[in-house]
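Trainee: Could we go through this structure together? I would like to learn where its descriptive words come from.

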Amino acid sequence: MWNFPLLPEQASTVAPHVDLLYFFQVGVSLFFSVLIFATILYFTYHYREGSNIDRSRPIAQSLLLETTWMGIPFVFGMIMFFWGAALFYVDYEAPPGALDVSVVAKQWMWYIQHSQGRAEINELHVPLGQPVKLTMTSQDVIHSFYIPAFRVKQDVLPGRYTSLWFEPTKVGRYHLFCAEYCGTNHSAMGGWVEVMEPADYERWLAEGGTGPSMAQEGEKLFVQHHCAGCHRGSQTVHAPRLEGVFGKSVPIQEGKDVHFVTADVTYIRDSILRPKSQVVAGFEPLMPSFEGQISEPDLLRIIAYIKSIAGEETPQ
Ligand code: HEC
Ligand SMILES: [Cu+2]
């Protein structure tokens, strides 16, 4: 059979919205292209050499005509801008309660870990009808995480976190790609997203065995790297307790001033790798840098641990 799909399947909540905007833009572009080409053809024919036409009229000007032909495209341009911006904001901020999944890119594969602990490579299993939020980073060069059927794409950068969220609307298997040229085997850096019924997803998670969750692994690392020695009440070092820090506003000392930053994944990451860059007010810059000592997947596990104790009271 003749099978020539022009677009990938629509398999996420944003996909129909992205397509609608896209069709609108294609429609507007097509309309003006046809209009302009038709006009060109008409005039080329009408005023062709040798045609018996009155060419004596002086050049006429019409302010109304000129304003109209600038005004209409301007309005269309602005519609695209505000429509696109509105969609971007929806697409940018994950809804609260989204399922957390960590992604580490490296030449040339995707390492993915679910917060329950199960890890996979070049595959991403997700439940149907639930928002999923990916927190992503790269171990080497710039990559880009792309799922065409969900109409989502986000660059994945070394040295920082970017995030991406989607809510699948159809059970199935969808291609995932790296969409940023990242070296020799870039074209092979892809895999599959498997959207499952929620019950199947739970079963799949359990199949991984009853290993530790990311937060539990993170807690182990927290002890191994001696973070606990300072951060769980030390006799010698005055360090902040990390219970309840995640998601809160933290006072940062800057010279004589104090300003507040939100303790999100990026803040926690920077606190671990570049502690001197943001010193918590009321504390000395005594924390050593862990730059180069903790792998990207381990950093994500430690952050998962710090996030998991966000709801706990700070012991005095
Ligand atoms: C030698 C003691 C020491 C060790 C070891 C240490 N820290 Fe710290 N840490 C501090 C001190 C002191 C501060 C407060 C000053 C600052 O912000 O640099 C701090 C700040 C932090 C903050 C910011 C806290 C806030 O309230 O905003 C985080 C997050 C953090 N540390 C995580 C870690 C992790 C994770 C490790 C282990 C990989 C670790 N620390 C190891 C002493 C330590
Ligand atoms: Cu790549």
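Mentor: Gladly! Start with helix α4 (residues 214-224) and helix α7 (residues 296-308), whose axes come within 7 Å and cross at roughly 105°. Helices here are DSSP runs of H or I with at least four residues, numbered from the N terminus. This is a predicted model, where local features need pLDDT of at least 70, side-chain atom pairs count only at pLDDT 80 or more, and totals for chains, interfaces and linings use all residues. Residues are numbered from 1 along each chain as its sequence is written, chains are lettered from A and ligands numbered from 1 in the order in which they are written, and side-chain values use heavy atoms, leaving out hydrogens and water.

Trainee: Why is α4 called roughly perpendicular to α7?

Mentor: Angles run from 0 to 180 degrees between N-to-C directions, with axes fitted to C-alpha atoms over the stretch in contact. Angles under 35 degrees count as roughly parallel, over 145 as roughly antiparallel, 65 to 115 as roughly perpendicular and the rest as oblique. The crossing is at roughly 105°, so α4 is roughly perpendicular to α7.

Trainee: What makes the contact of α4 with α7?

Mentor: Contact means heavy atoms within 4.5 Å. Among the residues making it are Met214 and Phe222 of α4 and Arg301 and Tyr305 of α7. They divide into eight nonpolar, two polar and four charged. Ala, Val, Leu, Ile, Met, Phe, Trp, Tyr, Cys and Pro count as nonpolar, Asp, Glu, Lys and Arg as charged, and the others, Gly among them, as polar.

Trainee: Why are α1 and α2 called roughly antiparallel?

Mentor: Helix α1 (residues 15-46) and helix α2 (residues 63-92) pack at about 165°, with axes 11 Å apart. That angle falls in the roughly antiparallel class, so the name fits. Their contact includes Phe24 in α1 and Trp83 in α2, and its residues divide into 13 nonpolar, three polar and no charged.

Trainee: Which residues come nearest to ligand 1?

Mentor: Cys227, Cys230, His231, Tyr267 and Met287, of the 28 residues around ligand 1. A residue is near a molecule if one of its heavy atoms lies within 4 Å of it.

Trainee: What makes the pair between His231 and ligand 1 a polar contact?

Mentor: A polar contact is a pair of N or O atoms within 3.5 Å. A nitrogen atom of ligand 1 is 2.7 Å from an N or O atom in the His231 side chain, so the pair qualifies. Val280 offers a backbone N or O atom 3.0 Å from an oxygen atom of ligand 1.

Notes. Helices (H or I, at least four residues) and strands (E, at least two) are DSSP runs, numbered from the N terminus. A polar contact is a pair of N or O atoms within 3.5 Å; within protein, one must be able to donate a hydrogen and the other to accept it, and residues adjacent in sequence count only if both atoms are side-chain atoms.
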